[in-house]
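Please open the model in your viewer, with the sequence panel beside it, and follow the stops below in order. At each stop there is something to select and a short account of what is found there.

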Amino acid sequence: MAEGAATSTATALPVRDIPGSYGIPFVSPIRDRLDFYYFQGQDKYFQSRVDKHHSTVVRLNVPPGPFMASDPRVIAVLDANSFPILFDVSKVEKKDVFTGTYMPSTSLTGGYRVCSYLDPSEPSHAKVKQLLFNILVSRKDAVIPVFRTNFTALFETMESQVAAAGKSDFNKLNDNTSFDFLGEAYFGVRPSSTDLGSTGPTKSTKWLFLQLCPLMTLGLPKILEDLLLHTFPLPSLIARCDYKALYKYFSSVAGSALDNAEKLGLKRDEACHNLLFATVFNSYGGMKVLLPGILGWLAKGDKSLHVRLAKEIRSAVLAEGGKVTLNAVEKMDLTRSVVYEALRMDPPVKYQYGKAKQDLVIESHDAAYKVKKGEMLFGYQPFATRDPKVFDDADQFIGDRFLGDKGMKLIKYVVWSNGPETENPTVLNKQCPGKDFVVLVGRLLVVEFFLRYDTFTADVGTVLLGSQVTVTSLTKAASSSSDV
């Protein structure tokens with residue numbers, strides 16, 4: 001946590017009342033929702049309120065509001081200094097706030113409140129999180145070879161599509177490949193080789209959509225879309241058959257993990273629903289956003305960055321006898337910096353919430369603010385990770401930002417994992433248990449890409465919660481780097 005981000009009483013900064021207003025009940029939250037989705041967009045929605053009140057801590061309404069959420073009122077923390085209060089579970093409660101001011105029906109998760117919705121004080125939290133740690137440790141040696149096998153096939157398909165049609169939809173290929181990769185990396189069995197066949201990504205996306213649609217826009221007529229997606233929950237029965245098929249896969253391939261879960265004191269059924277959620281929502285949902293995001297930033301970057309990455313990656317692999325090993329990857333400082341920068345620019349999960357457990361004083365860069373027990377705190381992460389008081393050229397993607405002594409000091413402000421990158425997840429906090437796994441996967445994408453290609457071009461747009469990347473050209477490496 002950033003030093004001085006929150007204290008109980010004492011502060012050296014001037015104490016201000018938290019500015020902002022929630023407006024007229026029911027009416028204002030709906031108006032604000034329309035601003036957020038349609039008339040301003042999320043960045044302008046928050047920035048206009050920061051500008052109006054000359055404060056990065058402000059009271060406002062967040063979507064979805066009526067009737068989806070009973071109380072849209074939050075205190076928004078919109079800078080790098082105040083934001084870390086959301087990680088301090090001694091000061092904020094994380095119960096049922098994973099998706100914000102609304103919570104999807106537990107009928108979508110087998111009737112259980114899965115780990116993401118649990119506060120660390122709840123007994124099941126430590127058991128489930130320890131189970132996830134155990135899986136990651138037991139399967140750590142499989143990650144690199146399984147990634148290489150699955151994504152080699154992706155790149156071969158991408159090459160053939162670019163050659164035949166002049167373009168390739170990376171997102172679509174990534175959706176299918178990432179789903180198979182995760183199943184094989186975690187449990188040793190590709191979903192596509194089971195009864196799921198090729199339907200896993202489609203079934204998963206439908207299930208994810210029911211939980212995340214209150215935070216989305218689809219481009220439908222505004223009134224229709226707002227009524228359909230943001231006003232009332234869509235019925236869970238839409239994905240009931242899809243969820244049953246996904247559950248069948250996990251129950252059949254995760255036998256060893258489920259045995260371990262019982263030893264930890266979890267019911268087998270509860271553990272399986274948690275494994276499904278952690279794999280499909282947390283991991284797969286994250287990779288659907290993260291990997292196109294990394295490739296999109298690289299496509300928009302200077303080609304000299306491609307040259308530097310290719311040189312670093314190929315040299316490190318050559319030094320390991322031509323093998324992609326964890327030791328080789330750890331030596332690739334620029335590659336790691338690129339992934340951190342992508343996570344800084346576009347964190348996969350942009351919103352964090354927590355309810356004050358006690359009266360608090362929160363500090364921004366310029367002032368301190370009193371928060372009452374029970375008030376909901378909200379953070380829009382891109383404003384924290386693009387804070388111009390921390391980062392030079394904060395809105396620009398700079399691939400080597402995290403190199404050198406100065407760059408290393410900035411890593412603590414990379415907080416995509418629900419905690420600083422310099423800290424580690426434990427059963428006692430809410431930091432992502434797969435924090436290191438995710439960063440490794442991001443680096444492996446860059447490694448595999450620049451072993452095969454010298455450079456590339458792509459059209460980059462937006463889709464739902466992330467970037468849409470359509471690769472339009474590929475320049476293959478002159479050497480046989482892709483064969484290592």
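Begin by selecting Thr335, which sits in helix 13, the helix made of residues 333-345. This is a predicted model, and in it Thr335 counts as buried because its relative accessibility is 0%, where the cut-off for buried is under 20%. If you now display its surroundings, leaving out residues up to four places away in sequence, you will find that Thr335 touches Leu309, Glu312 and Ile313, and also Arg443, Val446 and Val447.

Before the next stop, show the whole chain as a cartoon, in which 16 helices and 12 strands can be traced. The radius of gyration is 22 Å, close to the 23 Å that the globule rule gives for 484 residues, so the chain is as compact as a globular protein of that length. Along its principal axes, the C-alpha trace spans about 65 × 50 × 45 Å. Buried residues make up 56% of the 484 residues, and among contacts between residues at least 6 apart in sequence, 72% join residues that are at least 24 apart.

Switch next to a surface view, where the protein chain exposes about 20,200 Å², with carbon and sulfur atoms supplying 55% of that area. If you colour by charge, the chain carries 56 positive and 52 negative charges, and the mean positions of the two sets are 3 Å apart.

Colouring by confidence is a useful check at this point. The pLDDT averages 96 over the protein chain, and 97% of the residues score at least 70. Select residues 1-8, however, and you will be looking at a stretch where the pLDDT is below 50, although in the model this stretch has 27 contacts beyond near neighbours in sequence.

Which residues does Val390 contact, once its neighbours within four places in sequence are left aside? Select Val390 in the loop that runs between helix 14 (381-385) and helix 15 (404-410), and you will see that its contacts are Ala80, His365, Leu410 and Tyr413. Val390 is buried, with a relative accessible area of 17%. To see how the chain brings distant parts of the sequence into one region, add Asp79 to the selection: the C-alpha atoms of Val390 and Asp79 are separated by 9.2 Å, while the two residues are 311 apart along the chain.

Stay in the loop between helix 14 and helix 15 and move to Asp393. Its phi is near 45°, a positive value in a residue other than glycine, and Asp393 is partly exposed, with a relative accessible area of 47%.

A second positive phi, of about 50°, belongs to His54, which is not a glycine either. You will find His54 in the loop between helix 2 (42-53) and strand 3, where it is exposed, with a relative accessible area of 68%.

For the last stop, go to the loop between strand 3 (57-61) and strand 4 (73-77), where Pro64 is found. Show the backbone atoms here and inspect the peptide bond from Pro63 to Pro64, which is cis, with omega near 15°. Phe67 is also found in the loop between strand 3 and strand 4, and a cis peptide bond with omega of about -5° joins Pro66 and Phe67.

Definitions and conventions. Residues are numbered from 1 along each chain as its sequence is written. This is a predicted model: local features need pLDDT of at least 70, side-chain atom pairs count only at pLDDT 80 or more; totals for chains, interfaces and linings use all residues. Side-chain values use heavy atoms; hydrogens and water are left out. Helices (H or I, at least four residues) and strands (E, at least two) are DSSP runs, numbered from the N terminus. The radius of gyration is taken over C-alpha atoms; the globule rule is 2.2 Å times the number of residues to the power 0.38. Buried means under 20% relative accessible area, exposed over 50%, partly exposed in between (1.4 Å probe, protein chains only). Contact means heavy atoms within 4.5 Å. Accessible areas come from the Shrake-Rupley method with a 1.4 Å probe; for residues, only the protein chains shown count as cover. Lys and Arg count as positive and Asp and Glu as negative; His and the chain ends are not counted. The place of a charge is taken as NZ of Lys, CZ of Arg, CG of Asp or CD of Glu. pLDDT is the predictor's confidence in each residue, from 0 to 100.
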